[in-house]
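Let's take a walk through this fold, sheet by sheet and contact by contact. Have the sequence and the model open side by side as you read.

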Amino acid sequence: MTGHVPEWLGRYAASLLPVFGTPQTVLSHGQGCYVVDVDGKRYLDLLAGIAVNTLGHGHPALVDAVTKQASQLVHVSNFFTSQPQVELAEALLRIAEAPAGSAVFFANSGTEAIEAAVKLSRRTGRGTIIAAENAFHGRTTGALALTWKPAYREPFEPLIGRILHVPFDDEAALRAAVASAGDDLAAVVLEPIQGEGGVIPSSAAYLRLARELTTAAGALLILDEIQTGMGRTGHWFAHQSRGIRPDAMTLAKGLAGGVPIGALVTFGAQVTGLLGAGQHGSTFGGNPLACAAGLAVVETIESDGLLAHARAMGEHLVVAVDAVGHPLVDGVRGEGLLRAIALTRPVAPAAMTAAREAGFLVNAVAPDALRLAPPLVVTAEELDTFVAALPGILDAAGAGE
Ligand SMILES: *Cc1c(COP(=O)(O)O)cnc(C)c1O
């Protein structure tokens, strides 16, 4: 093997904790929806750092915001606040259509946003949390207890207790679990579309039932919009297209376009009032650099009409992939630009490799599903180059079986 990639991967293996396995390549730089590795190979980035690089790479609005903020203040601690922090909180409450008394807590990652939500739920004085099978909520020990995959969870048990996992999008199972939790039900925590679980949308009826059952039980409905939020589905938040409002939601991934950030949004004064002074905190959370990046993301989505664009590009992708008519394609699921190409056979890992060799970054989110979560700025022409290459990619994946 020649080139810089093997050399860097060797150094990686000798210096990093091997929790991620071997990285696929070593990236150097990017522009728009393209990234380039250290050997100069160029890829169309249809994964966007797992739904993170909302504006793609090197977007001038994000570069300018981060550069300008870095020259002013990077960090101030939460003994102080900053204009970007207040402005981003206000912007999130506005786009979430949050009622008076709503509020934002800033963290640095998705899992921390979930930890804040778990602590919020404990302040109801109750202890049982219902989560879904195949859910992914993060890797810190509280969020891990809500995460479904036994291989992620079991090596670290005991985790926090009183978590009931129910089949996702199953109304009868949710009713039964809420009834069995009784007076101890603190919260129901759901992803509107399960992301790591394979891009599996919930129905509007299911989320409405979750809303009704939690309200009747005096428990919180907490939606994990870490992957589905910030325009990813063509709406600011996926729950908005389902006609309900949660008591709290968690955000991270795309919120600051790649700068680490997380957030918990509490809806209404009663829920906001559950956490008081001294009951939660974070050194880095809400620092001016991350918040300036978040503001640039919100402002660019608005000024460039990226919600409508995400919906249109998502539809374009569905129509184009369906028109390919490849025998391995079983259809496209998801919403907006959070999509999975369902395959008729479990060849997604091989298809991911074949796609990468052909110059496209996608992700085998399940053995039989390829996830696409491109930057919201992706164009129809860029998507078309992938669709044109798809038959060859799938032929290679199928042949390797
Ligand atoms: C990625 C993700 C998380 C965890 O976010 P981290 O920033 O990796 O901690 C939690 N929930 C959902 C739905 C996610 O997609």
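In what order do the four strands of the open sheet come, and is the pairing parallel or antiparallel? The order is S13-S14-S17-S16, and the pairing is antiparallel. Before going on, a word on the ground rules: this is a predicted model, in which local features need pLDDT of at least 70 and side-chain atom pairs count only at pLDDT 80 or more, while totals for chains, interfaces and linings use all residues. Residues are numbered from 1 along each chain as its sequence is written, and side-chain values use heavy atoms, with hydrogens and water left out.

Back to that sheet. Its edges are S13 (329-335) and S16 (363-366), each of which pairs on one side only. From one strand to the next the twist averages 30°. Strands here are DSSP runs of E with at least two residues, helices are runs of H or I with at least four, and both are numbered from the N terminus; two strands pair if DSSP finds at least two bridges between them. S16 and S17 share three bridges in the antiparallel sense, and one partnership to look for is Ala364 with Leu370 in S17. Lying across S14 (338-343), S16 and S17 is helix H13 (residues 348-357), which runs at about 165° to S16. Contact means heavy atoms within 4.5 Å, and angles run from 0 to 180 degrees between N-to-C directions, with axes fitted as lines to C-alpha atoms, for helices over the stretch in contact.

Now follow S17 (residues 369-372) to Arg371, whose side chain meets that of Glu196 in a salt bridge (2.7 Å, N to O). The pair links distant parts of the chain, 175 residues apart, with Glu196 sitting in the loop between S8 (193-194) and S9 (200-201). A salt bridge is a side-chain nitrogen of Lys or Arg within 4 Å of a carboxyl oxygen of Asp or Glu, and by this rule the count comes to eight. Arg371 is buried, at 1% relative accessible area, whereas Glu196 is partly exposed at 27%. Buried means under 20% relative accessible area, exposed over 50%, and partly exposed in between, using a 1.4 Å probe and protein chains only.

Another of these bridges joins Arg211 and Asp247 (2.8 Å, N to O). Arg211 is in helix H9 (residues 204-217) and Asp247 in the loop between S10 and S11, so the pair ties together parts 36 residues apart in sequence. Both Arg211 and Asp247 are buried.

That loop brings you to S11 (residues 248-251). Which way do its side chains point? Ala248 and Thr250 go one way, Met249 and Leu251 go the other, and all are buried. In a regular strand the side chains alternate between the two faces of the sheet. S11 pairs in the parallel sense with S10 (residues 220-224) over three bridges, and runs antiparallel to S12 (residues 262-266), joined by four. Ala248 takes part on both sides: Ile222 is its bridge partner, and Thr266 in S12 stands opposite.

Finally, find the ligand. Its surroundings, counted as residues with a heavy atom within 4 Å, include Ser109, Phe136, His137, Glu191 and Lys253. Backbone polar atoms of Gly110 and Thr111 each approach an oxygen atom of the ligand, at 2.8 Å for Gly110 and 2.7 Å for Thr111. A polar side-chain atom of Asp224 lies 2.7 Å from a ligand nitrogen.

Key. Polar contact = N/O pair within 3.5 Å; in protein donor to acceptor, adjacent residues only side chain to side chain.
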